[in-house]
Amino acid sequence: MTKDIATPMRTKEILERHGFSFKKSLGQNFLIDPNVLENIVANAHLTKTMGVIEIGPGIGALTEHLARAAKKVVAFEIDGRLLPVLEDTMSPYDNVTVIHQDILETNLMEAMEEHFAGFDEVVVVANLPYYVTTPIIMKFLLEKIPISGMVIMMQKEVADRITANPGTKAYGSLSIAIQYYMDAEVAMIVPKTVFMPQPNVDSAVLRLTRKESPPAEVIDEDFLFRISRGSFVQRRKTILNNLQSSLLDGKQKKDLIVEALERANIDPGRRGETLSVAEFAKLSNELYEDFNLESNKR
Ligand code: SAM
């Protein structure tokens, strides 16, 4: 087995050899601790029949661990300067494909068909740039990419929001959007010291596992997420107040909102943060007919 990339010495040596300098704007904080990498990979439960999508391989610290544990790794990297570096560091592995692409601009369904046809299981494993964590996760979920799970290093504060339960301060529209599709749990809290350069905030590894079925059937998932966002605009206000402000003509249509809340068995005086995902789902179905207007789609 080759020497791990993720040690301070080897990382420095690779960066110097290729004259690479970090770009803060791309969230480049590379992992330099092999124990953390092993823990990430253990949480992905990889086998030699599985495929992995990695986002942002950097110089390949995580990629090489994935290559050792899975059948095939396809890694999307936005920074073209890292391609020659990866060509060098990934040369011992014949099961890694690096694609120079912004993951947010990638046709993921096409990529799945091209690279993982015939695979039983594909998972996403990544140490994500913090500024795009949420849009990247939501892209996989909204586009219904057939992955069985995700193991993702992210800012701890975002992991806390994603895994939050109703009635807590961290619970909000992000918790609802992700928990609608996935079971979410924090697998590990990670100190700043395992990165080069060190970020300003603590990190966490989040494990997302696809739910067998959603917590409730909804007519329109986008509409559910709009209702939940609208219910948290002013956290201290009641759900009725927030919906009146966020839905088009909500003030004039107060009666319709109250009736929908009643049909969903939700007291109009409750705050959004007390509603479970299933209650939001029910409520969005009850509001759908009267409020699913183009102009509410924001
Ligand atoms: N995986 C490496 C590691 O753990 O050491 C690097 C992780 S670093 C936090 C994030 C990586 O994502 C960087 O290599 C960065 O260039 C890349 N990146 C940033 N935005 C991206 C995007 N939209 N699509 C693909 N890669 C991106």
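How many Å separate an oxygen atom of the ligand from an N or O atom in the side chain of Glu77? Let's work up to this and more, keeping in mind that the model is predicted.

**Exercise 1. Find the polar contacts of the ligand.**

Solution.
Step 1: Start with Glu77. An N or O atom in its side chain is 2.6 Å from an oxygen atom of the ligand.
Step 2: Go on to Gln28, where a side-chain N or O atom is 2.9 Å from a ligand oxygen atom.
Step 3: Look at Glu54. Here the partner in the ligand is a nitrogen atom, 3.4 Å from a polar side-chain atom of the residue.
Step 4: Apply the cut-off. A polar contact is a pair of N or O atoms within 3.5 Å, so the distances of 2.6 Å for Glu77, 2.9 Å for Gln28 and 3.4 Å for Glu54 can be checked against that limit.

**Exercise 2. Describe the shell around the ligand.**

Solution.
Step 1: Count the neighbours. The ligand is surrounded by 22 residues, and the closest are Leu31, Gly56, Glu77, Asp102 and Asn127.
Step 2: Sort the shell by class: 11 residues are nonpolar, seven are polar and four are charged.
Step 3: Trace the shell back to the fold. At least two of its residues come from strand S1 (30-31), and at least two from strand S3 (72-77).

**Exercise 3. Which pocket does the ligand take up, and what lines that pocket?**

Solution.
Step 1: Identify the site. The ligand takes up the space of the largest pocket.
Step 2: Read off the volume, which is about 410 Å³ for the largest pocket. Its lining has 32 residues, and those closest to the centre are Ile55, Gly56, Glu77, Asn127 and Pro129.
Step 3: Look for the elements behind the lining. Strand S1, strand S2 (51-55), helix H3 (61-69) and strand S3 each give at least two residues.
Step 4: Classify the lining of the largest pocket: 21 nonpolar, eight polar and three charged residues.

**Exercise 4. Do the same for the second largest pocket.**

Solution.
Step 1: This pocket holds about 270 Å³ of space.
Step 2: It is lined by 14 residues, with Lys24, Gly27, Asn29, Pro199 and Asn200 closest to its centre.
Step 3: Seven of the lining residues are nonpolar, five are polar and two are charged.

**Exercise 5. Inspect two special spots in the backbone.**

Solution.
Step 1: Find the peptide bond from Met196 to Pro197. It is cis, with omega near -15°.
Step 2: Place Pro197 in the fold: it belongs to the loop between strand S8 (195-196) and strand S9 (203-210).
Step 3: Turn to Asp249, which is not a glycine, yet has a positive phi of about 60°. Asp249 sits in the loop between helix H10 (239-246) and helix H11 (254-263).

Methods:
Residues are numbered from 1 along each chain as its sequence is written. This is a predicted model: local features need pLDDT of at least 70, side-chain atom pairs count only at pLDDT 80 or more; totals for chains, interfaces and linings use all residues. Side-chain values use heavy atoms; hydrogens and water are left out. A residue is near a molecule or strand if one of its heavy atoms lies within 4 Å of it. A polar contact is a pair of N or O atoms within 3.5 Å; within protein, one must be able to donate a hydrogen and the other to accept it, and residues adjacent in sequence count only if both atoms are side-chain atoms. On a 1 Å grid over the protein atoms alone, a cavity is a set of points where a 1.4 Å probe fits but cannot get out, and a pocket is an open set with protein on both sides within 12 Å along at least five of seven lines; lining residues have an atom within 4 Å of a point. A molecule sits in a cavity or pocket if more than half of its atoms lie within 2 Å of its grid points. Helices (H or I, at least four residues) and strands (E, at least two) are DSSP runs, numbered from the N terminus. Ala, Val, Leu, Ile, Met, Phe, Trp, Tyr, Cys and Pro count as nonpolar, Asp, Glu, Lys and Arg as charged, and the others, Gly among them, as polar. Grid points are joined across faces, edges and corners, and a volume is the space filled by probe spheres set on the points.
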